[in-house]
Every structure is written in C-alpha cells, then in structure tokens.
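Student: Before we discuss terminology, may I see the model and its sequence?
Tutor: Certainly; they are shown here.

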Amino acid sequence: MRTAMPPAPEALTVPEVMTALRLSRSKVYDLIRTRQLRSYTSGRARRVPVDAVRQYMYDRLEEAA
C-alpha cells in the first residue's frame with residue numbers, strides 16, 4: 001500500500017531557511033530586516049514563504065549575471 005507524501009510547505013521557519021540557503025541565523029534575520037527576504041509572523045514564530053526564498057535566489061543570480 002502506498003502512502004501519500006505530505007504536501008510541500010508553503011512557508012519555512014528561519015532554521016529551514018538557514019539550511020536551504022546555507023546562511024547563518026544573523027544573516028537570515030539581516031535579509032529579513034533589510035526587506036531582501038519577505039517574511040511574516042504567525043504568533044511568535046517568523047515564517048518565510050517558499051516563493052520569497054526562490055525570489056531571493058533569483059535576484060542573487062540576476063545580480064551575478
């Protein structure tokens with residue numbers, strides 16, 4: 001019997017963003033503070049939409065080109 005894979009998350013925690021981008025916690029919060037990386041709070045937790053991480057990577061690639 002096959003089990004369904006859980007759906008991909010729509011938003012990531014700061015530690016997940018740190019892992020995905022290979023950046024430190026302070027760098028991720030710096031990107032959030034300078035609005036280079038969009039985020040929102042849910043209760044006391046900071047969340048970063050997956051699309052925001054993709055957009056950040058796309059912007060960095062465009063700068064490097």
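The dialogue that follows treats confidence, the sheet, two helices and the core in turn.

Student: What makes the confidence of this model a matter to settle at the outset?
Tutor: The model is predicted. The protein chain averages a pLDDT of 93, and 92% of the residues score at least 70. Among the elements of the chain, H2 has the highest mean pLDDT, 98, and S2 the lowest, 94.

Student: How do you know that S1 and S3 pair?
Tutor: Pairing requires at least two bridges between two strands. Strand S1, residues 11–13, is joined to strand S3, residues 45–49, by three bridges, so the criterion is met. The two strands run antiparallel. Ala-11 stands opposite Pro-49, and Thr-13 has Arg-47 as its bridge partner.

Student: What makes S2 a partner of S3?
Tutor: The argument is again one of bridges. Strand S2, residues 40–42, and S3 share three bridges in the antiparallel sense, against a requirement of at least two. Ser-42 stands opposite Ala-45 in S3. In the hairpin of S2 and S3, two residues lie between the strands, and Gly-43 takes a positive phi near 70°.

Student: Why are S1 and S2 called edge strands?
Tutor: The open sheet has three strands in the order S1-S3-S2, with antiparallel pairing. S1 and S2 each pair on one side only, and they are the edge strands. From one strand to the next, the twist averages 45°. H1 packs on this sheet, touching S1 and S3, and the direction of H1 makes about 95° with that of S1.

Student: How do you know that the buried residues of H1 share one side of the helix?
Tutor: The buried residues of H1 are Val-14, Val-17 and Leu-21. They cover an arc of only 55° around the axis, and therefore lie on the same side of H1. These buried residues pack against S1, H2, S3 and H3. After H1 comes Arg-22, with a positive phi near 55°.

Student: What puts the buried residues of H2 on the same side of that helix?
Tutor: Val-28, Leu-31 and Ile-32 are the buried residues of H2. Their arc around the axis is only 100°, which places them on the same side of H2. H1, S3 and H3 are among the elements that cover these residues.

Student: Why are Ser-26 and Arg-33 called exposed?
Tutor: The term exposed applies to a relative accessible area over 50%, whereas buried means under 20%. Ser-26 and Arg-33 fall in the exposed class, and the face of H2 that carries them is turned away from its buried side. Just after H2, Arg-35 takes a positive phi of about 60°.

Student: What makes the largest nonpolar core a core in the strict sense?
Tutor: Its members must be buried residues of the listed nonpolar types, joined through side-chain atoms within 4.5 Å. The largest such set has 13 residues, and Val-17, Val-28, Leu-37, Val-48 and Val-53 are those with the most contacts inside it. Helices H1 (14–21), H2 (25–33) and H3 (50–64) each supply at least two residues of this core. H3 gives the largest share, four residues.

Student: How do you know that Val-48 is in contact with residues distant in sequence?
Tutor: Contact means heavy atoms within 4.5 Å. With its neighbours within four places in sequence left aside, Val-48 is in contact with Ala-11, Leu-12, Val-17, Ile-32, Leu-37, Arg-38, Ser-39 and Val-53.

How values were computed: Residues are numbered from 1 along each chain as its sequence is written. This is a predicted model: local features need pLDDT of at least 70, side-chain atom pairs count only at pLDDT 80 or more; totals for chains, interfaces and linings use all residues. Side-chain values use heavy atoms; hydrogens and water are left out. Buried means under 20% relative accessible area, exposed over 50%, partly exposed in between (1.4 Å probe, protein chains only). The arc is that of the directions from the helix axis to the C-beta atoms. Axes are lines fitted to C-alpha atoms, for helices over the stretch in contact, and angles run from 0 to 180 degrees between N-to-C directions. pLDDT is the predictor's confidence in each residue, from 0 to 100.
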